[in-house]
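This note sets out some points to consider while examining the structure below. Please keep the sequence and the model in view as you read.

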Amino acid sequence: MRRLNPIDLAPLDSPPQPVRLHMTTAVHPTDTLVPAPHDQFTHFVGERLWLDFVNSDRALRHGTRLGDALDAFDTYVNWLGAARVLDLERADAMLRRAQQQPTAASAALHEARRLRNVLRAMAEAGTGPDRRPEELAISEINRILGRSAGSRRVEPRSDGGFVRSFVTVGDVFAGLLVPVIESAADALVQGELSRVRRCANARCGRVFYDASRNGKRRWCEMSTCGNRAKAARHRQKVKAAPKR
Ligand SMILES: [Zn+2]
């Protein structure tokens, strides 16, 4: 099982260090979801990190209501933790950094929302005739990558293997979106957009990569939207049945 590697962040009391971001991003976090405290979020159903990121607009549980995980910097960081982009220790360090640099943190949050908007448009447009959402997403991706100065490296892993990494310089928050962007870039490069769908429940809005063999997945989750549709069909059948 492949898993995302965390961003390494120097302790706050040490001199500034480059932020190290490991790039094993074409991975879906579902099978590596950790329990509490990340159960504040709904299930990851997108099958791709960038699609789960798009779905983060209704991923935060408030009792029975769903809120936006990007409403605040701390829930954004917690979401990245739940998605295994950050481990708990690094997420905690990011939150402490945000307290020291609130303006930079709020700019990073703003940038995350902006990226999510263009990625949603690209996901929903799929491979339709309108190429503008795709072009907009590409220019946003390249704009953020252009700002994320750093260098790529290959480094040994503790288990004896190797990992590609991206070492950023300057803004510590700049690298947060890179795994999401890499995932979206992979989708473009590998021609996956034709398999990206929006849940058939019009009130849901979640998007996912259809990995089914016949390419006919309709629901974000069978246990929620799929079952609701089944129950509705059943009610209609009962209503339509002739009374005796
Ligand atoms: Zn749904």
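1. A residue is called buried if 20 or more other C-beta atoms lie within 10 Å of its own, exposed if 12 or fewer, and partly exposed in between. Gln40 has 16 other C-beta atoms within 10 Å and is therefore partly exposed. This residue sits in the loop between strand S2 (19–22) and H1. Beyond four places in sequence, Gln40 touches Leu60, Arg61 and Asn78. Its C-alpha atom is 8.9 Å from that of Trp79, although the two residues are 39 apart along the chain.

2. The model is predicted, and confidence should be considered before any detail. The mean pLDDT of the protein chain is 81, with 80% of residues at 70 or more. Among the elements, helix H1 (residues 49–54) has the highest mean pLDDT, 98, and strand S1 (residues 7–8) the lowest, 38. Over residues 1–36 pLDDT stays under 50, yet the model has 73 contacts beyond four places in sequence for them. Where pLDDT is low, the predicted coordinates should not be read in detail.

3. As to the overall arrangement, the protein chain contains seven helices and eight strands. Of its 244 residues, 38% count as buried. Among contacts between residues at least 6 apart in sequence, 55% join residues at least 24 apart.

4. The largest nonpolar core has 54 residues, of which Trp50, Leu51, Tyr76, Trp79, Leu80, Leu119 and Ala184 touch the most other members. At least two residues of this core come from each of H1, helix H2 (73–82), helix H3 (88–100), H4, H5, H6 and strand S8 (207–209). H4 gives the most, with nine residues. Leu51 is in contact with Gly46, Ala123, Val196, Val207, Phe208 and Tyr209, neighbours within four places in sequence being left aside.

5. How far should the 24 residues of H4 span at 1.5 Å a residue? The expected span is 34 Å, and the end C-alpha atoms of H4 are 35 Å apart, which agrees. Its buried residues include Ala105, Leu109, Leu119 and Ala123, and also Arg116 and Arg120. After H4 comes Gly126, which has a positive phi near 55°.

6. The same check can be made on helix H5 (residues 132–147): its 16 residues should span 22 Å, and its end C-alpha atoms are 23 Å apart, in agreement. Which residues of H5 are buried? They are Pro133, Ala137, Glu140 and Ile141. These residues lie on the same side of H5 because they cover an arc of only 100° around the axis. As a general rule, an α-helix has 3.6 residues a turn, so residues three or four places apart point the same way. The buried residues of H5 pack against helix H4 (102–125) and helix H6 (178–189). The face turned away from them carries the exposed residues Arg132, Glu135, Ser139, Asn142 and Gly146.

7. Two loop residues deserve a check of their backbone angles. Most residues other than glycine have a negative phi. Glu47, however, has a positive phi near 70°, and Arg84 has a positive phi near 65°. Glu47 is in the loop between S2 and H1, whereas Arg84 lies in the loop between H2 and H3. Are these residues buried or exposed? Glu47 has 20 C-beta neighbours inside 10 Å and so counts as buried. Arg84 has 23 such neighbours and therefore also counts as buried.

Notes
Residues are numbered from 1 along each chain as its sequence is written. This is a predicted model: local features need pLDDT of at least 70, side-chain atom pairs count only at pLDDT 80 or more; totals for chains, interfaces and linings use all residues. pLDDT is the predictor's confidence in each residue, from 0 to 100. Helices (H or I, at least four residues) and strands (E, at least two) are DSSP runs, numbered from the N terminus. Two residues are in contact if their C-beta atoms, placed from the backbone, lie within 7 Å. The expected span of a helix is 1.5 Å times one less than its number of residues. The arc is that of the directions from the helix axis to the C-beta atoms. A nonpolar core is a set of buried Ala, Val, Leu, Ile, Met, Phe, Trp, Tyr and Cys residues joined through C-beta atoms within 7 Å.
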